[in-house]
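Reader: I'm in my first year and still learning to read protein models. Could you take me through one strand and its surroundings, step by step?

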Amino acid sequence: MTKQRIGVAVVIALLAVAGLAQAPPAKQKPAAKKNGGAVSGGPVMPGSEQWMNIPAAALVGTPSVEMGGTLKIAILQGDPMTPGRSFTARLSGTDGTKIAPHWHPTTENVTVIKGAFLLGMGSKWDDSAMKEIPVGGFVSAPRKMRHYAQCKGDCVVQVNGIAPLVVNFVGPDDPGPAKKAN
């Protein structure tokens, strides 16, 4: 599995989680304009994010592995639930937290901000196939790519993309998207 494919899978997982919530960041300036539940304009300083649980509506299906940790989301910009809108969100996970195999309906771009993020490709969890994405690492995952992830240490990843941000969990026998005939 290439590092690029692993990165893409991580990004998809993060974007899916971010799309589940739509709330403004904390400590915003009163003059900031609100747009779709998130603040537009104005800086978001480290440590000022408004962390929340991922809404159940953003998670489709049944995870094939236990999460085993805590995952939170903070919306920094845009609206991850309104189709066609751009968004930026951060996901925070405790050491060992797993994001079961899944896919997203749109391309997701993920940057590791803190800790390390382990990424695997495919519909079946395989610890030996996961690649470590360190702080500063970036992954772009195309839509419908099957992937899974795990936090190594407490970690924070930033997800950017076009909504909707939805996590569609898959089982180990999921074949993935059908190939187009030429």
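Author: Happily! Let's begin with strand E7 (residues 98–103), which pairs with E11 in the antiparallel sense over three bridges. Two strands count as paired if DSSP finds at least two bridges between them. The strand names come from DSSP runs numbered from the N terminus, with at least two residues for a strand (E) and at least four for a helix (H or I). In this pairing, His102 stands opposite His147 in E11.

A word on the model itself: it is predicted, so local features need pLDDT of at least 70 and side-chain atom pairs count only at pLDDT 80 or more, while totals for chains, interfaces and linings use all residues. Residues are numbered from 1 along each chain as its sequence is written, and side-chain values use heavy atoms, with hydrogens and water left out.

Now stay with E11 and look at its other partners. Strand E8 (residues 108–121) runs antiparallel to E11, and 12 bridges join them. Within that pairing, Thr111 has Gln158 in E11 as its bridge partner. E6 also pairs with E11 in the antiparallel sense, over eight bridges. There, Gly93 stands opposite Cys155 in E11.

Side chains make links too. A search of the whole structure finds three salt bridges, a salt bridge being a side-chain nitrogen of Lys or Arg within 4 Å of a carboxyl oxygen of Asp or Glu. One of them involves E11 directly: the side chains of Glu132 and Lys152 meet at 2.7 Å, N to O. Glu132 lies in strand E9 (residues 131–133) and Lys152 in strand E11 (residues 147–162), so this pair ties together parts that are 20 residues apart in sequence. Glu132 is partly exposed at 42% relative accessibility, and Lys152 is partly exposed at 42% as well. For these words, buried means under 20% relative accessible area, exposed means over 50%, and partly exposed is in between (1.4 Å probe, protein chains only).

Another salt bridge joins Asp174 and Arg146, whose closest N and O atoms are 2.7 Å apart. Asp174 lies in the segment after strand E12 (167–169) and Arg146 in the loop between strand E10 (138–141) and E11, so parts that are 28 residues apart in sequence are tied together. Asp174 is partly exposed at 26%, whereas Arg146 is buried at 13%.

Finally, come back to E6, where Arg90 lies. The side chain of Arg90 meets that of Glu49 in a salt bridge of 2.6 Å, N to O. Here Glu49 is buried at 13% relative accessibility, and Arg90 is buried at 14%.
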